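Thank you all for coming; I would like to take a few minutes to walk through one structure. Please have a look at the sequence and the model as they come up, and then I will begin.

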Amino acid sequence: MTTMILERSFDSKGISDRFQEYSLEPDLFAELEQFIATSDLPHNVKDTARRKLADPTLSWETIAQNSTPPVVTSTA
């Protein structure tokens, strides 16, 4: 499985963003799913972890807005 990760760097010229392609080994993905499935984490935490694994480009705000029940986000 290949995924694109946004990398942000800061230097004297300002902020620079670039997408970097990473390969997520299928075994690692299966191990993470197994951990999620067998953990004592609450259902909503498991759901969030699965959504972030399925699409790492999702922001935490997007996940919160699409959660049921809705989750309040803070900009603080």
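Before I point to any element, let me say that helices and strands here are DSSP runs, with at least four residues for a helix and at least two for a strand, numbered from the N terminus. With that in hand, and keeping in mind that this is a predicted model, we can place Phe35 in helix 1, which covers residues 26-38. The protein as a whole has 3 helices and 2 strands, and, read from the N terminus on, its elements follow the order β-β-α-α-α. Of its 76 residues, 12% count as buried.

Let me stay with Phe35 for a moment. Is Phe35 buried or exposed? Its relative accessibility is 53%, and since the cut-off for exposed is over 50%, Phe35 counts as exposed. Together with Leu41 and Val45, Phe35 makes up a nonpolar patch on the surface, and the accessible area of the three residues together is about 260 Å².

A second phenylalanine to look at is Phe19, which sits in strand 2, residues 14-23. Phe19 is exposed as well, with a relative accessible area of 52%. If you follow the chain from Arg8 to Phe19, the two are 11 residues apart in sequence, while their C-alpha atoms are 8.7 Å apart in space.

Turning to charged side chains, the general point is that those of opposite charge can pair when their charged atoms come close. How many salt bridges does the count come to? The count comes to 2 salt bridges. In one of them, Glu33 pairs with Arg50, with 3.0 Å between the closest N and O atoms. Because Glu33 belongs to helix 1 and Arg50 to helix 2, this pair ties together parts that lie 17 residues apart in sequence. Glu33 is partly exposed, with a relative accessible area of 28%, and Arg50 is partly exposed too, at 31%.

The other salt bridge joins Arg51 to Asp47, where the closest N and O atoms are again 3.0 Å apart. Here both residues belong to helix 2, and because they are 4 residues apart, about one helical turn separates them. Asp47, at 31% relative accessibility, counts as partly exposed.

Those two residues bring me to the last topic, the largest pocket, since Asp47 and Arg51 are both among the residues that line it. The space in the largest pocket comes to about 170 Å³. Besides that pair, the lining includes His43, Asn44, Val45 and Thr48, and further along the chain Ile63, Ala64, Ser67, Thr68, Pro69 and Val71. Val45, then, is part of this lining and also of the nonpolar surface patch with Phe35 and Leu41.

Which helix gives the most to the lining of the largest pocket? That is helix 2, with 6 residues, and both helix 2, residues 43-54, and helix 3, residues 60-65, supply at least two residues each. By character, the lining residues divide into 5 nonpolar, 5 polar and 2 charged.

Terms used
Residues are numbered from 1 along each chain as its sequence is written. This is a predicted model: local features need pLDDT of at least 70, side-chain atom pairs count only at pLDDT 80 or more; totals for chains, interfaces and linings use all residues. Side-chain values use heavy atoms; hydrogens and water are left out. Patches are made of residues with over 30% relative accessible area and no salt bridge: like charges are joined within 9 Å, nonpolar side chains (Val, Leu, Ile, Met, Phe, Trp, Tyr) within 5 Å. Accessible areas come from the Shrake-Rupley method with a 1.4 Å probe; for residues, only the protein chains shown count as cover. A salt bridge is a side-chain nitrogen of Lys or Arg within 4 Å of a carboxyl oxygen of Asp or Glu. Buried means under 20% relative accessible area, exposed over 50%, partly exposed in between (1.4 Å probe, protein chains only). On a 1 Å grid over the protein atoms alone, a cavity is a set of points where a 1.4 Å probe fits but cannot get out, and a pocket is an open set with protein on both sides within 12 Å along at least five of seven lines; lining residues have an atom within 4 Å of a point. Grid points are joined across faces, edges and corners, and a volume is the space filled by probe spheres set on the points. Ala, Val, Leu, Ile, Met, Phe, Trp, Tyr, Cys and Pro count as nonpolar, Asp, Glu, Lys and Arg as charged, and the others, Gly among them, as polar.
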